[in-house]
Amino acid sequence: MDGIGANPEMLPREILPGVFVCADAAELARLAARRFVDWAWQSIAKDGNFHVALSGGSTPREMYRLLATPEFRAQVDWPRVHLFWGDERAVPPDSPESNYGMARRELLLRVPIPPANVHRMEAEDPNIGRAAHNYEAVLRKCLPIDDRGFPRFHLIFLGLGAEGHTASLFPGSKLLRETSRWVSTPLVPKLSARRMTLTLPVLEGAQRVVFLVSGTEKASILHTVLREQLDPPLPAQMVKPREGERLFLADEAAAAKLLASQPQPIPKGKS
Ligand code: 6PG
């Protein structure tokens, strides 16, 4: 990951290939916001636009807030940015549970992105299956299609659930065997609620997939995802971009178990 943030004290440690660790959640948010700006420049220079799927949950909130600050907001050509979601809860957009609602409050209302460039999942639709179908049509209209017939995002942000779910792809779901649909509406037993989510083939079609992982409660699952071969693998372990990059940006709390299992450098003169 080239010249990240270009500010030495912000340089995260690459503890494993594609796994970068920052001191804390604030630095993690700043690192992610910094990379969003850099990747936006690169994509807009190359393709004239920047297609991004945002993640939900609580971890990306601080990054969204930072992107809306004068320091970052001015560095992004927002009229060329198109925002989508990786998944959504079956709640109205003004619900505190809504992934779109959170991003709207923290980011969309504070940056000059044209409303036509904001493509939310209408997962509150009583006919959620039809809404998923409509969302697939939106992706088909907006995004380039790769040679496998799947939409190609420049960037997809993902979170990591404590049991290894990502987007709304949960362990044991038959959706993990999906090979053709782009958008699906799984009923999540443990939540006894429906979700709308991009499917695995779409996540794997992205140019770049970035997991944002923060907090001690994620230390065990992050170690499992990156260090253990499970059969079947966890959803977060299954996201391997076909022709793209997969990155994990984590804070030290989330990487604690990984760091503890790292071979310790032999102090000079001790060998
Ligand atoms: C959602 C998410 C989900 C989330 C993880 C991590 O709608 O809940 O998209 O996949 O990213 O559950 O959530 P936290 O960031 O809140 O830990």
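This report walks through one strand, one helix residue and two hollow spaces of a predicted model.

**A strand wrapped on both sides**

Let us start with strand β10, which covers residues 208–213. Of its 6 residues, 6 are buried, so β10 is largely enclosed by the rest of the structure. In a regular strand the side chains alternate between the two faces of the sheet. For β10, both of these faces are covered. One side carries Arg208, Val210 and Leu212, the other side carries Val209, Phe211 and Val213, and all of them are buried.

What does β10 pair with? Strand β6, residues 155–158, runs parallel to β10 and is joined to it by 3 bridges. Within that pairing, Ile156 stands opposite Val209 of β10. Strand β11, residues 245–251, also pairs with β10 in the parallel sense, this time over 6 bridges. Here Val210 of β10 has Leu247 of β11 as its bridge partner.

**The largest pocket and the largest cavity**

If you turn to the open spaces, the largest pocket has a volume of about 450 Å³. Its lining is made up of 28 residues, and those nearest the centre are Gly56, Gly57, Ser58, Leu160 and His165. Two elements give two or more residues to this lining, namely β5 (87–89) and β6. Strand β6 is thus a familiar name by now, as it is also joined to β10.

What about enclosed space? Searching the whole structure for cavities of 30 Å³ or more turns up 1. The largest cavity is lined by Asp146, Asp147, Arg152, Gly205, Arg242 and Glu243. The table sets the two spaces side by side.

| Space | Volume | Lining residues by class |
|---|---|---|
| Largest pocket | about 450 Å³ | 9 nonpolar, 12 polar, 7 charged |
| Largest cavity | about 30 Å³ | no nonpolar, 1 polar, 5 charged |

**A look at Thr224**

Our last stop is Thr224, a residue of helix α7, which spans residues 219–227. Is Thr224 buried or exposed? Its relative accessible area is 12%, and buried means under 20%, so Thr224 counts as buried. Which residues does Thr224 touch, leaving aside its neighbours within four places in sequence? The contacts are with Leu230, Leu234 and Gln237. For a sense of distance, Gly159 lies 65 residues from Thr224 along the chain, and the C-alpha atoms of the two are separated by 15 Å.

Conventions: Residues are numbered from 1 along each chain as its sequence is written. This is a predicted model: local features need pLDDT of at least 70, side-chain atom pairs count only at pLDDT 80 or more; totals for chains, interfaces and linings use all residues. Side-chain values use heavy atoms; hydrogens and water are left out. Buried means under 20% relative accessible area, exposed over 50%, partly exposed in between (1.4 Å probe, protein chains only). Helices (H or I, at least four residues) and strands (E, at least two) are DSSP runs, numbered from the N terminus. Two strands pair if DSSP finds at least two bridges between them. On a 1 Å grid over the protein atoms alone, a cavity is a set of points where a 1.4 Å probe fits but cannot get out, and a pocket is an open set with protein on both sides within 12 Å along at least five of seven lines; lining residues have an atom within 4 Å of a point. Grid points are joined across faces, edges and corners, and a volume is the space filled by probe spheres set on the points. Ala, Val, Leu, Ile, Met, Phe, Trp, Tyr, Cys and Pro count as nonpolar, Asp, Glu, Lys and Arg as charged, and the others, Gly among them, as polar. Contact means heavy atoms within 4.5 Å.
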